[in-house]
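Me: I would like to work through this model with questions and answers, one contact or site at a time. Please give the reasoning first and the value or name last.

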Amino acid sequence: MRVVVCIKQVPSTDAKVKMDPVKGTLIREGVESIINPFDEYAIEEGIRIKEKFGAEVIVISMGPPQAKEALKTALAMGADKAILLSDKAFAGSDTLATSYTLSLAIKKIKDVDIVICGKQATDGDTAQVGPGLAQRLNFSQITYVSKIRHINIEDKELVVERLLDNGTQVVRTKMPALLTVVKDINQPRIPNVFSIKKAAKAEIPVWGPQDLDGEKNKFGFDGSPTQVIKIFTPPPREGGKIFDKDVKESVKELIEILSTKGIIKI
Amino acid sequence: EEKIQESEKQNYRGIMVFIEHELGKIHSVSFELLGKAKKIADELKVPVYAMVIGDSINEIIKEVKNYEVDVIYAVSAPWLYDYQTKPFILEAESIIKHSKPEIVLIGATTLGRDFAGALATRLETGLTADCTELSIDKEKGLLLQTRPAFGGNIMATIICPYKRPQMATVRPKVMPMPHKVFGKDCRIIQLQPVSGPKDLDLEIVDFLPDTVGKVNIAEADIIVSGGRGMKGPENFHMLFELAELLGGAVGASRAAVDSGWIPYAHQVGQTGRTVRPKLYIACGISGAIQHLAGMQTSEVIVAINKDPEAPIFKVANYGIVGDLFKVVPEIIKQIKEKKGK
Ligand SMILES: Cc1cc2nc3c(=O)[nH]c(=O)nc-3n(C[C@H](O)[C@H](O)[C@H](O)COP(=O)(O)OP(=O)(O)OC[C@H]3O[C@@H](n4cnc5c(N)ncnc54)[C@H](O)[C@@H]3O)c2cc1C
Ligand SMILES: Cc1cc2nc3c(=O)[nH]c(=O)nc-3n(C[C@H](O)[C@H](O)[C@H](O)COP(=O)(O)OP(=O)(O)OC[C@H]3O[C@@H](n4cnc5c(N)ncnc54)[C@H](O)[C@@H]3O)c2cc1C
């Protein structure tokens, strides 16, 4: 069995996002990068599949050269192989171009039974790459997976739980399948020093457009139908009224305000 | 260049809304989108379309007719009873190829996000996620789609100049609910299904309803949320009681979820759910940036925390500095008294 995990490097949330006031674009240099939090669950689940059912786990990421760091963390956690998709031609990808590029890499890897993505990335925040990828690969699409119940390798079958609005849906599907995972699925392991050192030395192949069997105008900026034309910071929320009288009085004032403004109806 | 020609763009006309429904009930975001679609359509002087996909959808169609829709495209078949990505995408693609709308709007719900990302890829067009504002650039006739990213820390305005349709998912409860208008002409076009039972690639084995909170936080107008300050699972009953009095749902910080006090489905924040209720009451939550990412666009935020320096007060419209074990029961008591009158 072969599992591919897609991971994205994102700016750490604790770092303040800065904007270039002239170009109106985001400044990413000098901002600490982390693995997209949902993708840590994706990596962990890939490794658990390997441990439980036997599988090769390949981690891929499209991004700048520094995304190798994220891939090395995945190797240290226990992934077998990592591939970086990096080239000037991939820059400026929206989700359509991203899923295109990732799908070509997965086709090149061949014989993939399961692709695992995070539910969404914390920077672009679209949750569109997973479904886009499933569509391009023609894999069964299972979003919001909170548990893999069973994998039947012989019958190429998979039973998983999905976290929906009012509860948990249990579904069975045939592989190949693409799953997007939520935090509830597992607790990602912390790699030990030995495996971190070993991963640091690993060679990570870098694939560019020449390595993929695709059309030039579908990569990067040219292949991205959406264009960001303006980026701005929303007006900061301002702290409002603090009630600092005794509990009874404060609560009374609060309820008074909320009900006169029609925010609560009592 | 595979950018489409101006002449080809002219072939696309009208605003299409995807009608999300489950168990015979239409999701409120679909009405909100019909209201917004009508406004945009009037500006562009084009028709409003709706697409209804499902099984036994006559009642749904009847309801949609009351929202100033010009044409409803409908596909019905027994295997479309439950939503599944593959057959729904095939039907939606067929409807869009038939009707050629210039804009397609979909609710940014759990189902909508599963559906929209796959559909836009199939149509090879642009999709803007989770919009909170839509307007028209009159000169160019383009849809200006504004959305939060980076957990609401920045806003981006996005266009899709060359591909059609322009597609957007829109957050529930951002656009106002439109009024019903009875008796307006509305054409119904029934299309033959293009999918079949073979396209059902998921077998739904079971559904386990959420037993802890009956109201889902993504949809609730009022959320009462608890954090580490709640001290233990046994204290959450206060929050459930308050939520029930207010007709709301119970949320939680990651600290509370990771301590096992309440299931993950209730987690609000970067690795939980993004919510935008009319009222968010944070009890014993410090207001870490990852928590704020999931709730800072709530209309009104109330914070209850014993630490006056807690960052949650920086985003709260109203705050009470004090012990939540005194404040929350007092709120419950006073509301009950008021209700009793
Ligand atoms: C402010 C801003 C707003 C944007 N808005 C939009 C928009 O509305 N529509 C649009 O099409 N694009 C948009 N983009 C571009 C989008 O962020 C990029 O295309 C990005 O590469 C993928 O989208 P995402 O971050 O939303 O990922 P998501 O779709 O949220 O990611 C889901 C999962 O896909 C996988 N994945 C995503 N990206 C990669 C990658 N590079 N390598 C490997 N795996 C990956 C991961 O498993 C991840 O957990 C926006 C970008 C910015 C900066
Ligand atoms: C990658 C990543 C993703 C994350 N995702 C999320 C997420 O999705 N959601 C999320 O919430 N967090 C998330 N976090 C965690 C986040 O950083 C915080 O650790 C978490 O939000 C803290 O929860 P809390 O406010 O309940 O607890 P604390 O920060 O410990 O705050 C408890 C608060 O309760 C107050 N308090 C204590 N006792 C009382 C009392 N008797 N009366 C009144 N007030 C009292 C204290 O003054 C304090 O302010 C994430 C972190 C990371 C690194």
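Me: At what angle do helix H6 (residues 247–260) of chain A and H10(B) pack?

Reply: This is a predicted model, in which local features need pLDDT of at least 70 and side-chain atom pairs count only at pLDDT 80 or more, while totals for chains, interfaces and linings use all residues. Helices (H or I, at least four residues) and strands (E, at least two) are DSSP runs, numbered from the N terminus. Axes are lines fitted to C-alpha atoms, for helices over the stretch in contact, and angles run from 0 to 180 degrees between N-to-C directions. On that basis the axes of H6(A) and H10(B) are 9 Å apart, and the helices pack at an angle of about 55°.

Me: Are H6(A) and H10(B) oblique or roughly parallel to each other?

Reply: Angles under 35 degrees count as roughly parallel, over 145 as roughly antiparallel, 65 to 115 as roughly perpendicular and the rest as oblique. The angle here is about 55°, and H6(A) and H10(B) are therefore oblique.

Me: Is the crossing in which H6(A) passes H10(B) left-handed or right-handed?

Reply: A crossing is left-handed if the near helix is turned anticlockwise from the far one by less than a right angle, and right-handed if clockwise. By that rule, the crossing of H6(A) past H10(B) is right-handed.

Me: How many charged residues does the contact of H6(A) with H10(B) have?

Reply: Residues are numbered from 1 along each chain as its sequence is written, with chains lettered from A and ligands numbered from 1 in the order in which they are written. Two residues are in contact if their C-beta atoms, placed from the backbone, lie within 7 Å, and those making this contact include A:Lys248 and A:Lys252 of H6(A) and B:Lys326 and B:Glu330 of H10(B). Ala, Val, Leu, Ile, Met, Phe, Trp, Tyr, Cys and Pro count as nonpolar, Asp, Glu, Lys and Arg as charged, and the others, Gly among them, as polar. The contact thus sorted has six nonpolar residues and one polar residue, and its charged residues number four.

Me: How far apart are the axes of H4(A) and helix H5 (residues 110–123) of chain B?

Reply: H4(A) and H5(B) pack at an angle of about 45°, which makes H4(A) oblique to H5(B). Their crossing is right-handed. The distance between the two axes is 7 Å.

Me: Which residues in H5(B) are met by H4(A)?

Reply: From H4(A) come A:Pro131, A:Gly132, A:Ala134, A:Gln135 and A:Arg136. By class, the contact has three nonpolar, four polar and three charged residues. The H5(B) residues that are met are B:Asp114, B:Gly117, B:Ala118, B:Thr121 and B:Arg122.

Me: How many charged residues are in the contact of H3(A) with H4(A)?

Reply: H3(A) and H4(A) pack at about 50°, with their axes 9 Å apart, and that makes H3(A) oblique to H4(A). H3(A) passes H4(A) in a right-handed crossing, and the contact includes A:Leu96, A:Leu102 and A:Ile106 of H3(A) and A:Val129, A:Leu133 and A:Arg136 of H4(A). Seven of the contact residues are nonpolar and five are polar, while the charged count is one.

Me: Which element gives the most residues to the shell around ligand 1?

Reply: A residue is near a molecule or strand if its C-beta atom, placed from the backbone, lies within 6 Å of it. Ligand 1 lies between chains A and B, and 38 residues surround it, the closest being A:Cys117, A:Gly118, A:Gly124, A:Thr126 and A:Val129. By class, that shell divides into 18 nonpolar, 14 polar and six charged residues. The element that gives the most, with four residues, is H3(A).

Me: How many charged residues are in the shell around ligand 2?

Reply: Ligand 2 lies between chains A and B. Of the 28 residues around it, B:Gly227, B:Gly229, B:Arg254, B:Ala255 and B:Gly269 come nearest. Nine residues of the shell are nonpolar and 14 are polar, and the charged ones number five.

Me: Which residue precedes A:Pro176 in the cis peptide bond?

Reply: A:Pro176 is found in the loop between strand E11 (167–174) and strand E12 (177–181) of chain A. The cis bond has omega near 5°, and it runs to A:Pro176 from A:Met175.
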